[in-house]
Amino acid sequence: MSEHKVNLSWKNESEDFSYKNYDRTHIWKFEGGSVVKASAAPEYLGKKEFVNPEEAFAASLASCHMLTFLAIASMKKYTIEIYEDTAVAILGKNEKSRMAVTKLFLRPKITFMGDNIPDKTTIEEMHHRAHTECFIANSVLTEIIIEPVF
């Protein structure tokens, strides 16, 4: 078991707290010292230059999948040179007609190196295992679709 903390802070710096006018910019401070400026998505009156929760959710799932995949590959004695992913979170209405990230597409592109290179079937099996063992994927209702790029 482990515990992971983040400190979130927001301050009203305007006299106008009407829905369309208050600033959604806030700060995430992580235990290791990283500080991230965040906001709502632009569609929800946020600032596009800052990370929004939906993007962070996609990054979290993609990162967890990658870290799990790397661990599996390492244990199987495969060496990975480059791992890239273009994750896409789809916001829509769920079965209860509530807004949610209903689907998340992971499109990992992996470059292996050395003499021990897995075939396509083995890579797909490793992605399946990474998905089933990813802590974040096991914590959400979002449908996660993995589309490896070969």
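## A hairpin, two sheets and some aromatic rings

Let's start with a hairpin: strands β2 and β3 are linked by four residues, and G33 in that turn has a positive phi of about 110°. Strands here are DSSP runs of E with at least two residues, helices are runs of H or I with at least four residues, and both are numbered from the N terminus. Before going on, keep in mind that this is a predicted model: local features need pLDDT of at least 70, side-chain atom pairs count only at pLDDT 80 or more, and totals for chains, interfaces and linings use all residues. Residues are numbered from 1 along each chain as its sequence is written, and side-chain values use heavy atoms, with hydrogens and water left out.

### The sheet around the hairpin

The hairpin belongs to an open sheet of three strands, ordered β1-β2-β3, with antiparallel pairing. Two strands count as paired if DSSP finds at least two bridges between them. At the edges stand β1 (6-9) and β3 (35-38); each has a single partner strand, so one side of each is left without a neighbour in the sheet. On average, neighbouring strands here are turned by 20° against each other, direction ignored. Such angles come from axes, which are lines fitted to C-alpha atoms (for helices, over the stretch in contact), and run from 0 to 180 degrees between N-to-C directions.

Strand β2 (residues 26-30) is joined to β3 by four bridges, and β1 and β2 also pair over four bridges. Here are some of the partners, along with one pair from another sheet that we'll get to below:

| Residue | Partner | Strand of the partner |
|---|---|---|
| V6 | F30 | β2 |
| I27 | K37 | β3 |
| H26 | A38 | β3 |
| K103 | E143 | β8 |

F30 has another residue to look at. K5, in the segment before β1, is 25 residues away from F30 in sequence, yet their C-alpha atoms are 6.7 Å apart. With a relative accessible area of 49%, K5 is partly exposed (buried means under 20%, exposed over 50%, partly exposed in between, with a 1.4 Å probe and protein chains only).

### Rings that meet

How many aromatic pairs does a search of the whole structure find? It finds six. Rings of Phe, Tyr and Trp (its six-membered ring) pair if their centres lie within 6.5 Å; planes under 30 degrees apart are stacked, over 60 edge-to-face, and the rest tilted. One of the pairs is Y19 with Y22, edge-to-face at 6.2 Å centre to centre and 75° between the planes. Y19 is exposed at 53% relative accessible area, whereas Y22 is partly exposed at 22%.

Y78 and F112 make a pair too: their ring centres are 6.2 Å apart and their planes at 75°, so this pair is edge-to-face. Y78 sits in the loop between α1 (53-75) and β4 (79-84) and F112 in strand β7 (residues 109-113), so the pair ties together parts 34 residues apart in sequence. Both Y78 and F112 are buried.

Back to Y19 and Y22: together with W10 and F17 they form one aromatic cluster. F17 lies in the loop between β1 and β2.

### Another sheet

There is also an open sheet of three strands in the order β5-β6-β8, with mixed pairing. Its edges are β5 (88-93) and β8 (143-146), each with a single partner strand, so one side of each has no neighbour in the sheet. Neighbouring strands in this sheet are turned by 25° against each other on average, direction ignored. Strand β6 (residues 99-106) runs parallel to β8, and four bridges join them.
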